[in-house]
Amino acid sequence: MSDLAGQSGAAYEPRQQAGCSQHIDDRQFARWTRLLEGRAGLFIAPERKSFLASGLRARMRETGCGDLGEYYRLLSSPARQAREWPLLVDQLTVHETCFFRHAASMGLVEDVVLPGFPDRKTVFKAWSVACSTGEEAYSLAMLIDRFCTDRGAGLRFGVTGTDISLPSLRQAKAASYIERRLKDIPEDLRQRYCTPVTQSRFEVKKRLRERICFAQLNLCDVASSPMADMDLVFCQNLLIYYDRERRLEIVNSLSDCLGPGGVLVLGPGELLNWQHPHMEKVRYKDTLAYRRTD
Ligand SMILES: C[S@@+](CC[C@H](N)C(=O)[O-])C[C@H]1O[C@@H](n2cnc3c(N)ncnc32)[C@H](O)[C@@H]1O
């Protein structure tokens with residue numbers, strides 16, 4: 001995991017429409033997907049071939065490469081690869097997100113996960129996996145902070161937001177959003193945790209920001225990461241980009257990061273018929289969640 005200290009912001013746009021489509025044949029597709037998966041842990045499903053082609057073309061345009069071979073060489077060049085790889089990864093990932101994106105899952109956190117947290121424990125640890133520009137991590141932090149305050153002295157919490165994309169993480173850390181995004185935050189939480197900075201922007205208050213840390217973490221490296229003993233692991237709108245085999249690997253490794261009684265929240269429909277000897281389903285309308293039983 002790499003910390004983000006000292007890095008500055010960059011613009012956020014969903015990437016699906018970037019560039020125009022360029023043909024890549026099956027052999028090239030296989031070569032590029034092998035490279036992306038091996039080097040960056042990025043999986044591009046065969047049906048997203050034109051998305052890969054558009055993304056590569058956009059980066060080729062930016063770097064002035066005339067063809068795929070030249071761009072491939074640039075990515076292997078010791079002098080230029082360190083700068084280009086994060087830009088390519090950012091180009092090939094979808095960063096769309098918003099505050100309180102899936103209301104039912106947030107309801108589950110508020111109604112089931114937090115009230116079920118044992119009185120004897122003093123620190124609640126939550127993780128927003130693939131947090132993009134931070135809205136999910138801040139949404140969770142708002143709910144958890146309100147719960148801790150209501151419960152009284154003695155309960156502290158921390159939220160970790162991780163993602164593969166450094167530009168997204170820089171924005172998450174800045175905690176500054178356009179005013180339009182405020183509408184997604186329930187009124188009482190908006191009053192409590194958000195403050196205007198200009199007419200068109202607001203930021204998350206420092207008191208809440210201090211409870212959250214953002215770091216780069218590739219999903220492939222979860223097993224060797226320090227993420228452990230979590231009370232809540234929240235992973236939504238990420239598994240959809242992976243095939244079933246990889247989804248199972250990811251969910252198994254996320255489950256291993258939970259402490260006893262910890263809950264894993266996925267997006268509804270993101271994983272069908274999954275079973276794990278130490279995980280039981282949490283029943284809550286329109287959600288998909290599992291609790292660690294051992
Ligand atoms: C669509 S966003 C989801 C954001 C948020 N979880 C939500 O539901 O609103 C998907 C995020 O997954 C991140 N991502 C994609 N592949 C990843 C990987 N291998 N490791 C870590 N993050 C990854 C992308 O950078 C992107 O920010």
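**Group meeting: the ligand site and the cysteines**

Hi everyone, let me start with a cysteine: Cys257 counts as buried, at 4% relative accessibility. Before I go on, please keep in mind that this is a predicted model.

Staying with Cys257, where is the closest cysteine sulfur? That sulfur belongs to Cys235, and it lies 11 Å from the sulfur of Cys257, too far for a bond. The cut-off for a disulfide here is a pair of cysteine sulfur atoms within 2.5 Å, so this pair does not qualify. By that rule, the count for the model comes to 0 disulfides. Cys65 is buried as well, with a relative accessible area of 10%.

Now to the ligand, which I suspect is what you came for. The space it takes is the largest pocket. Around the ligand there are 21 residues, and the closest are Thr97, Arg101, Ala130, Asp163 and Asn237. What is the make-up of this shell: how many nonpolar, polar and charged residues? The split is 8 nonpolar, 9 polar and 4 charged.

Let's look at some individual contacts. Asp163 has a side-chain N or O atom 2.6 Å from an oxygen atom of the ligand. Two more involve nitrogen on the ligand side. Glu136 places a polar side-chain atom 2.9 Å from a ligand nitrogen, while Ile164 uses a backbone N or O atom, 3.2 Å from a nitrogen atom of the ligand. As for coverage, the ligand on its own has 600 Å² of accessible area, and the protein covers 97% of that.

That's my tour, thanks for listening!

How values were computed: Residues are numbered from 1 along each chain as its sequence is written. This is a predicted model: local features need pLDDT of at least 70, side-chain atom pairs count only at pLDDT 80 or more; totals for chains, interfaces and linings use all residues. Side-chain values use heavy atoms; hydrogens and water are left out. A residue is near a molecule or strand if one of its heavy atoms lies within 4 Å of it. A polar contact is a pair of N or O atoms within 3.5 Å; within protein, one must be able to donate a hydrogen and the other to accept it, and residues adjacent in sequence count only if both atoms are side-chain atoms. Accessible areas come from the Shrake-Rupley method with a 1.4 Å probe; for residues, only the protein chains shown count as cover. On a 1 Å grid over the protein atoms alone, a cavity is a set of points where a 1.4 Å probe fits but cannot get out, and a pocket is an open set with protein on both sides within 12 Å along at least five of seven lines; lining residues have an atom within 4 Å of a point. A molecule sits in a cavity or pocket if more than half of its atoms lie within 2 Å of its grid points. Ala, Val, Leu, Ile, Met, Phe, Trp, Tyr, Cys and Pro count as nonpolar, Asp, Glu, Lys and Arg as charged, and the others, Gly among them, as polar. Buried means under 20% relative accessible area, exposed over 50%, partly exposed in between (1.4 Å probe, protein chains only).
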